[in-house]
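Subject: Structure handover

Hello,

Here is the structure for your files. My notes on what turned up in it follow below.

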Amino acid sequence: MTTEHGSDRGTERSPGANGKPHEKIAGGTVVERVTHQEVAAICALYKKVVETQPGGLPVELLKGWTPTPLEFTSWMEGVTYFVARREGRLIGSVGCEIRHGACHLVHLVVDPEFRRQGVAGALIGTAVDWARRANAAVVWVDPLAKLTAAVGLLKHLGFSEVGVLHKHMWAEDVRVFERQI
Ligand SMILES: CC(C)(COP(=O)(O)OP(=O)(O)OC[C@H]1O[C@@H](n2cnc3c(N)ncnc32)[C@H](O)[C@@H]1OP(=O)(O)O)[C@@H](O)C(=O)NCCC(=O)NCCS
């Protein structure tokens, strides 16, 4: 499956829910803006991801990744979320927030049953397109160093590591990645 942003291989644009365009990626994954009707499904996805994470992550991080529907609705006020769906099932999500001309990606998750199939790459590709249209000059992400899948993903997608913040969040190292767009 094509995951690299900038490649049109295996992708097509067509009207999605509510007539808005969405991106269909080979393998049947569709990436679209989240709708208010999906708040319960997205909260269930975050809960599933947290419950299946290997141990060793700070409890505060895990708690922060399990919003209630009310909390997620309030996140949506400041952050633009995209979701990935396959056959109508919500299988991934990423949030984008723009500040000072830079787009920060947050809360990136993919359902454990659908990993290593390019879903995160598709979500980030859509987020980068959106950030570019919003005139951001750079997209950046700051995973905990322990999140090795995220680190592998960002390197795979051509992000550069621009720094490490030592013992920055809950006494954990944070790695900072960015990509000029
Ligand atoms: C990180 C995460 C979003 C990746 O989602 P995904 O859909 O499996 O990623 P993709 O299939 O798009 O991966 C594309 C490439 O990234 C790299 N990658 C992805 N997962 C990896 C892993 N566990 N280890 C090493 N490299 C990995 C690989 O190069 C992969 O290509 P390949 O499968 O052909 O080898 C997912 O593992 C996840 O939800 N993890 C828990 C939450 C999390 O860490 N979120 C990130 C916060 S910043």
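Two strands are counted as paired if DSSP finds at least two bridges between them. By that rule β4 and β5 pair in the antiparallel sense, over seven bridges, and in this pairing F82 stands opposite V94 in β5. Please keep in mind throughout that the model is predicted.

Overall layout

The chain holds five helices and nine strands. Read from the N terminus, the order of elements is β-β-β-α-α-α-β-β-β-α-β-α-β-β. Of the 181 residues in the chain, 28% are buried. If one takes the contacts between residues at least 6 apart in sequence, 56% of them join residues at least 24 apart.

Strand pairings

β4 has a partner besides β5: strand β3 (residues 29–33) pairs with β4 in the antiparallel sense over five bridges. One of the pairs there is T29 with R86, the latter being the bridge partner in β4. β4 itself is mostly covered, with five of its seven residues buried.

β4 and β5 form a hairpin with two residues between them, and E87 in the turn has a positive phi of about 45 degrees. β5 then runs antiparallel to β6, and seven bridges join the two. Here I98 stands opposite C103 in β6. The hairpin of β5 and β6 also has two residues between the strands, and in it H100 takes a positive phi near 55 degrees.

The nonpolar core

The largest nonpolar core has 36 residues, and those with the most contacts inside it are F82, V94, L105, L123, I124 and A127. Two or more residues each come from α1 (39–52), β4 (80–86), β5 (89–99), β6 (102–110), α4 (119–133), β7 and α5 (148–156). α4 gives the most, with eight residues. As background, nonpolar side chains tend to be buried together in soluble globular proteins.

F82 touches V94, its opposite number in β5. Leaving out residues up to four places away in sequence, F82 also touches V31, E32, R33, V34, L123, T126 and A127.

Two residues compared

Which is buried and which is exposed, V139 or S160? V139 counts as buried because it has 25 C-beta neighbours inside 10 Å, where 20 or more are needed. S160 has 12 such neighbours and therefore counts as exposed, the limit being 12 or fewer.

V139 is found in strand β7 (residues 138–141). Apart from residues up to four places away in sequence, V139 touches C103, L105, A127, V128, A131, E178, R179 and I181. V128, in that list, is eleven residues from V139 in sequence, and their C-alpha atoms are 6.9 Å apart.

S160 lies in strand β8 (residues 160–169). Its contacts, leaving aside neighbours within four places in sequence, are F177, E178 and R179. E178 and R179 thus appear in the contact lists of both V139 and S160. Between the C-alpha atoms of S160 and W140, which are 20 residues apart along the chain, the separation is 9.3 Å.

Helix α5

The buried residues of α5 are A150, L153 and L154. Seen down the axis of α5, these buried residues fall within an arc of 95 degrees, so they line one face of the helix. Among the elements that cover them are β6, α4, β7 and β9 (172–180). On the other side of α5, T148, G152, K155 and H156 are exposed. Just after the helix, G158 takes a positive phi of about 85 degrees.

The ligand shell

What surrounds the ligand? A shell of 21 residues does, and the closest are R115, A120, A149, G152 and H156. G152 and H156 are also among the exposed residues of α5. β6, α4 and α5 each supply at least two residues of the shell, and the largest share, six residues, comes from α5. By type, the shell divides into twelve nonpolar, seven polar and two charged residues.

Regards

Conventions. Residues numbered from 1 in each chain as written. Predicted model: local features only at pLDDT ≥ 70, side-chain atom pairs only at ≥ 80, totals over all residues. Helix = DSSP H or I, 4+ residues; strand = E, 2+ residues; numbered from the N terminus. Contact = placed C-beta atoms within 7 Å. Core = buried A, V, L, I, M, F, W, Y, C linked by C-beta atoms within 7 Å. Near = placed C-beta within 6 Å. Nonpolar A, V, L, I, M, F, W, Y, C, P; charged D, E, K, R; others polar. Arc of directions from axis to C-beta.
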